[in-house]
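Reader: Hi! I'd like to talk through how two chains meet in this one. Can you pull it up?

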Amino acid sequence: MTIIKVPVKGLSSKEYERSLKVTWQPELQYAWDNGIAIGKYLEALKDGKILGSRCEKCHRIMLPARSFCELCWRPVDEYLPVKDTGIVNTFSICHVNWDASRLKPREPRHLPAVIEIEGASAGMGIMHLLGNVKPKDIYIGMKVKAKWKPRKDREGTITDILYFEPVRK
Amino acid sequence: MGKRRVAVVGAGLTKFVRRAQETGPELSHQAVKMALDSADLKLKDIDMVTLGTAPDAFDGVHMKGEYLLSGAGGNNKPYIRNFVGGGTGVFAPIHGWMHVASGAADICMVVAEEKMSCCHPHPAGAFITIFDHTTEQPLKPTLIWIFALEMRRYMETYGLSAEDIARVAVKNKKNALDHPSAQVAEEVTIKDVLDSEMLAEPVHRLDISPSSDGAAAMILASEDVAKRLTDKPIWLDGVGWNLDTSYWATRDLYYPRYVEKAARMAYDMAGIKEPSKEIHVAEPYDPFDYKELHHMEGLMLCERGEAAQLTADGVTERDGNLPICPSGGALGVGNPIAATGLMKVIEIYLQLKGDAGKRQVPGDPRVGVAQAWGDLMQVGTVTVLRR
Ligand SMILES: [Zn+2]
């Protein structure tokens, strides 16, 4: 049986405006526990350090810190700081906000990147933002360093690193 | 007892639209009714129902499985919702396969539904909660970030141009002109894609599928029942699924190894040794145009890094040697997430039956594969169908 006719028509924007509907804007708040490993990771950020964890079985130094190695399925052996420098693995120059609304022409573009952090095992990246760089100057393989908030302003959140900026020689 | 062979014996599909007037249960009802009619069955003939639908946040309805129960035809039957993010639509028939292959059911209804338009101002906002709440959400990520990051890594690895990628959107939107469910079918050029709004470099607006409302349904049956119902059963001979680590930034995004693992599982089950030669038509998931290429490689339909060249050479056109997304895919038919995955399995079913109408690929295809993908770029779901 070949499908040639299907149900459902769809509403045009005008029809949709005119249609009756119920709207709801939830006001819910959540408090997420940091847990053991990410708790330590955030404490370390407050101290200006990026914390990984090491597994003696697979010899990986993992980021972000975790309490068990998901490959070996055993508790990690040690938490240890890695460097606050890294290499851009991939990046974007983003013109929209999280809710798909557009940035205004003069607003700075968002510069998300995956950054492979030095001192962790090869390929261990975290997602963060780039800054203090012209978008056109960013490239894969670029060496970057964390730009920390002033110590007194740090709160133990991922935003204690404002962004990663190019290491200038 | 070993596994029983499972056949597809019917299918139904609504139109995919930006905003449906129908509710989710009403959309599901339409697809299910159409599937029952296509197989000449009544709801009382259905032993079990499985329903796939993506995050509750689109509808703002918790217990979405229960919300959609009546429309899916699940009242007073063994009914369950399944979910693996964007991979759900192809996982739904895998879940139905479990019901029938195990002997628990002789006939199983598989339903996939999505109504994204409820979420305002844009359903994209609902995706923020897929990111880690502590280490990622404070950076205010949008879903497009992960696609942009993955697309750039893929392009950089193989030296691909924006044109190489845009060609997929051009092909699929054109293919969709022949699909009665299509939402965004149109003739566009590579230039149109590259001139469309830049959202998150390198992703343009026309590189992306739309958000959509729609539903799909498929009926699976055991071998004996299928042979009674139809003289042309299409066999669901291979299923596979796999999830990679949720620490998505710690694996190289250029290659979807979890898709390969899912494909290997499905191919082994279906006895396929050389997928690039033995598979005649494929529907990889294409929510973004580069994803079609990425997934062709993960499905081992070509060498790694080769998919863009095959596309440029016309191999993946509907009349090419390896037709890819002859339906028009998510880029052309639309992307009501779970319903899209099942739409793809339905397309392979119709192609193998010779019932794809204007979309029929030449060469009397006998083996096809459909695949979906999702969560934090970590899940692959694969089905192999055979006539
Ligand atoms: Zn380990």
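Author: Happy to. This is a predicted model, and a good place to start is a salt bridge between the side chains of Arg102(A) and Glu197(B), at 2.7 Å from N to O.

Reader: Nice. How many salt bridges does the rule find across the interface of chain A and chain B?

Author: Just one across that interface.

Reader: And how many residue pairs are in polar contact there?

Author: The rule finds 13 such pairs across the interface, with both residues at pLDDT 80 or more.

Reader: Which elements of chain A supply the side that touches chain B?

Author: Helices α1 (13-18) and α2 (35-46), plus strands β6 (85-91), β7 (93-94), β8 (112-117) and β9 (125-129), each supply at least two residues. The most comes from β9(A), with five residues.

Reader: What's the mix of nonpolar, polar and charged on that side?

Author: On chain A's side there are 30 nonpolar residues, 15 polar and seven charged.

Reader: Okay, switching to area. How much do chain A and chain B bury between them?

Author: About 4700 Å², with 68% of it on carbon and sulfur atoms. In chain A, the residues losing the most area to chain B are Val8(A), Trp98(A) and Met127(A), which together make up 17% of what that side buries.

Reader: And how many residues are in contact?

Author: 52 residues of chain A touch 56 residues of chain B.

Reader: Last one: which strand of chain B pairs with β7(A)?

Author: That's β5(B), residues 198-201, pairing with β7(A) in the antiparallel sense over two bridges. Within that pairing, Ile93(A) sits opposite Glu201(B).

Definitions and conventions. Residues are numbered from 1 along each chain as its sequence is written. Chains are lettered from A and ligands numbered from 1 in the order in which they are written. This is a predicted model: local features need pLDDT of at least 70, side-chain atom pairs count only at pLDDT 80 or more; totals for chains, interfaces and linings use all residues. Side-chain values use heavy atoms; hydrogens and water are left out. Contact means heavy atoms within 4.5 Å. Buried area is the accessible area (1.4 Å probe) that two parts lose on being put together, summed over both. A salt bridge is a side-chain nitrogen of Lys or Arg within 4 Å of a carboxyl oxygen of Asp or Glu. A polar contact is a pair of N or O atoms within 3.5 Å; within protein, one must be able to donate a hydrogen and the other to accept it, and residues adjacent in sequence count only if both atoms are side-chain atoms. Helices (H or I, at least four residues) and strands (E, at least two) are DSSP runs, numbered from the N terminus. Ala, Val, Leu, Ile, Met, Phe, Trp, Tyr, Cys and Pro count as nonpolar, Asp, Glu, Lys and Arg as charged, and the others, Gly among them, as polar. Two strands pair if DSSP finds at least two bridges between them.
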